[in-house]
Amino acid sequence: MKKSLLSPRAEAVCTRLFLLLFLALSVLLFCSSFTSSWVHHAWNEEAVFLEKDSWAANLALLLLGLAFLAGSLRLLRHRIAQLPMNRLALAASVLVACICVVWVRVSHTVPQADQNMITVYAGMFNDGNFEGLRRGEYVGIHQQQLGIITVLRLCGGIAPFFHLESWQLFQLFSAVATGFGFYAGYRIVACITHGWREAELVYLWIALFCVPLYFYASFVYGESSSTAFALFAGWMFLESLQAPRPQYLIGLFGGCALAVLLRTNTVIILIAFAIVLVFKLLQQPVRAHLIVGLVLLLGALSPTLLTGALYGPQIPEDSHTM
């Protein structure tokens with residue numbers, strides 16, 4: 001084993017510093033959301049307006065939620081060791097996916113604004129019309145949308161077999177991906193808490209009652225699906241650091257690639273993975289961690305290579321992304 005370039009306390013110090021910064025940000029966001037909200041007054045306008053919230057109502061809901069969590073933990077304190085947590089998480093994930101599917105079908109949500117633009121251009125690209133890549137056109141300016149447009153093009157090829165539009169199939173894909181991400185989040189909690197069942201149960205309750213989790217499934221954009229695959233990549237990353245088995249490395253590559261393909265700025269999360277990996281390499285420079293780093297890099301770059309191969313010849317030389 002090669003000599004560590006960091007002291008044994010370095011990771012602990014960095015972890016505490018990160019937790020301190022995270023706590024400061026969380027307190028700021030909590031206080032802001034507890035006292036006010038940004039509200040749309042018209043569905044077809046992007047402008048939002050700051051409005052004060054009811055302190056009493058928010059406090060009552062907070063206390064009710066905390067009481068529910070405390071009560072459920074107290075009620076199950078003698079049985080929690082026997083609970084099949086993984087099966088519960090799988091069942092909850094299926095429930096989340098089903099709720100999202102129902103919401104997608106009954107809400108009759110249709111693409112608006114940027115959602116509509118990427119849907120329209122995906123259809124045009126499938127018809128062989130690549131005028132949207134010209135200078136000044138929507139996709140020419142916003143070339144970061146090429147990944148999700150590619151997914152919508154794929155949906156456009158499959159959707160007719162189910163008598164659906166491409167964006168409707170994408171909504172269903174997002175709904176299923178939300179349940180998948182829910183389970184990946186559970187596995188991350190299980191990894192970082194080393195099987196602390198109380199923490200796992202709290203995650204399941206909190207994530208189940210996260211209302212935006214369901215609403216965003218009908219949003220024809222990459223929020224739900226990219227988040228789900230980023231969570232899956234996080235789970236695979238943690239497993240790979242422990243034991244870089246082929247299935248974990250393949251999962252890490254797939255999770256990273258799909259997350260970035262669906263939403264380019266997901267690369268921010270992959271940069272965070274890379275920072276963790278650098279510390280691991282400085283502590284214990286082993287070949288396994290180098291392999292994980294290579295897979296991480298390939299996963300982050302593959303969407304750009306794919307869209308470059310698909311659309312590079314179609315993009316005029318004078319058309320530059322924002």
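Two residues are in contact here when heavy atoms of theirs lie within 4.5 Å of each other. With that in hand, let's walk through this predicted model, starting with a single side chain and working outwards.

**Phe180 and helix 7**

By that contact rule, and leaving aside residues up to four places away in sequence, Phe180 touches Phe229 and Phe232. Phe180 and Phe232 sit 52 residues apart along the sequence, yet in space their C-alpha atoms are 8.0 Å apart. Phe180 belongs to helix 7. Is Phe180 buried or exposed? Neither, quite: its relative accessibility is 33%, so Phe180 counts as partly exposed.

The helix around Phe180 is mostly covered, with 20 of the 27 residues of helix 7 buried. From first C-alpha to last, helix 7 reaches 38 Å, close to the 39 Å expected at 1.5 Å a residue. After helix 7 comes His194, with a positive phi near 55°.

**How helix 7 meets helix 8**

Now follow helix 7 to helix 8, which covers residues 197-208. The two axes come within 9 Å and cross at roughly 155°. Angles over 145 degrees count as roughly antiparallel, and helix 7 and helix 8 are therefore roughly antiparallel to each other. Their crossing is right-handed. On the helix 7 side the contact is made by Gly181, Phe182, Gly185, Tyr186, Val189 and Ala190, and on the helix 8 side by Ala199, Glu200, Tyr203, Leu204, Ala207 and Leu208. Sorted by type, the residues of this contact come to 9 nonpolar, 2 polar and 1 charged.

**How helix 10 meets helix 12**

Helix 10 and helix 12 make another pair to look at. Their axes come within 11 Å and cross at roughly 10°. Under 35 degrees counts as roughly parallel, and helix 10 and helix 12 are therefore roughly parallel to each other. Helix 10 brings Ala230, Ala233, Gly234, Phe237 and Leu241 to the contact, while helix 12 brings Ile269, Phe273, Val276, Leu277 and Lys280. Here the split is 8 nonpolar, 1 polar and 1 charged.

**Helix 11 and what it packs against**

Helix 11 takes in residues 246-262, and its 17 residues should span 24 Å at 1.5 Å a residue; the end C-alpha atoms are 24 Å apart, which agrees. Which residues of helix 11 are buried? They are Tyr248, Leu249, Gly251, Leu252, Gly255, Cys256, Ala257, Ala259, Val260, Leu261 and Leu262. These buried residues pack against helix 6 (146-158), helix 7 (166-192), helix 10 (223-242), helix 12 (267-283) and helix 13 (287-311). Helix 7, met above, is one of these partners.

**Helix 4 and Thr119**

Helix 4 has 14 residues, which should span 20 Å at 1.5 Å a residue, and its end C-alpha atoms are indeed 20 Å apart. Its buried residues are Gln115, Ile118, Thr119, Tyr121, Ala122 and Phe125. Against what do they pack? The partners are helix 5 (138-141), helix 6, helix 7 and helix 13. Just after helix 4 you'll find Gly128, whose phi is positive, near 85°.

Take Thr119 as a close-up from helix 4. With 11% relative accessibility, Thr119 counts as buried, because the cut-off for buried is under 20%. Leaving out residues up to four places away in sequence, Thr119 touches Pro111, Leu152, Ser166, Trp167 and Val220.

**Two histidines in loops**

Most residues other than glycine have a negative phi. Two histidines in loops go the other way: phi is positive for His108 and for His163. Where do they sit? His108 is in the loop between helix 3 (85-107) and helix 4 (113-126), and His163 is in the loop between helix 6 and helix 7. Here they are side by side.

| Residue | Phi | Relative accessibility |
|---|---|---|
| His108 | near 55° | 64%, exposed |
| His163 | near 55° | 74%, exposed |

So His108 counts as exposed at 64% relative accessibility, and His163 does at 74%. Thr119, by contrast, counts as buried at 11%.

Key: Residues numbered from 1 in each chain as written. Predicted model: local features only at pLDDT ≥ 70, side-chain atom pairs only at ≥ 80, totals over all residues. Heavy atoms only, no water. Helix = DSSP H or I, 4+ residues; strand = E, 2+ residues; numbered from the N terminus. Expected span 1.5 Å × (residues − 1). Buried < 20%, exposed > 50% of the residue type's maximum accessible area, 1.4 Å probe, protein only. Axes fitted to C-alpha atoms, helices over the stretch in contact; angles between N-to-C directions. Parallel < 35°, antiparallel > 145°, perpendicular 65-115°, else oblique. Left-handed = near helix turned anticlockwise from the far one by under 90°. Nonpolar A, V, L, I, M, F, W, Y, C, P; charged D, E, K, R; others polar.
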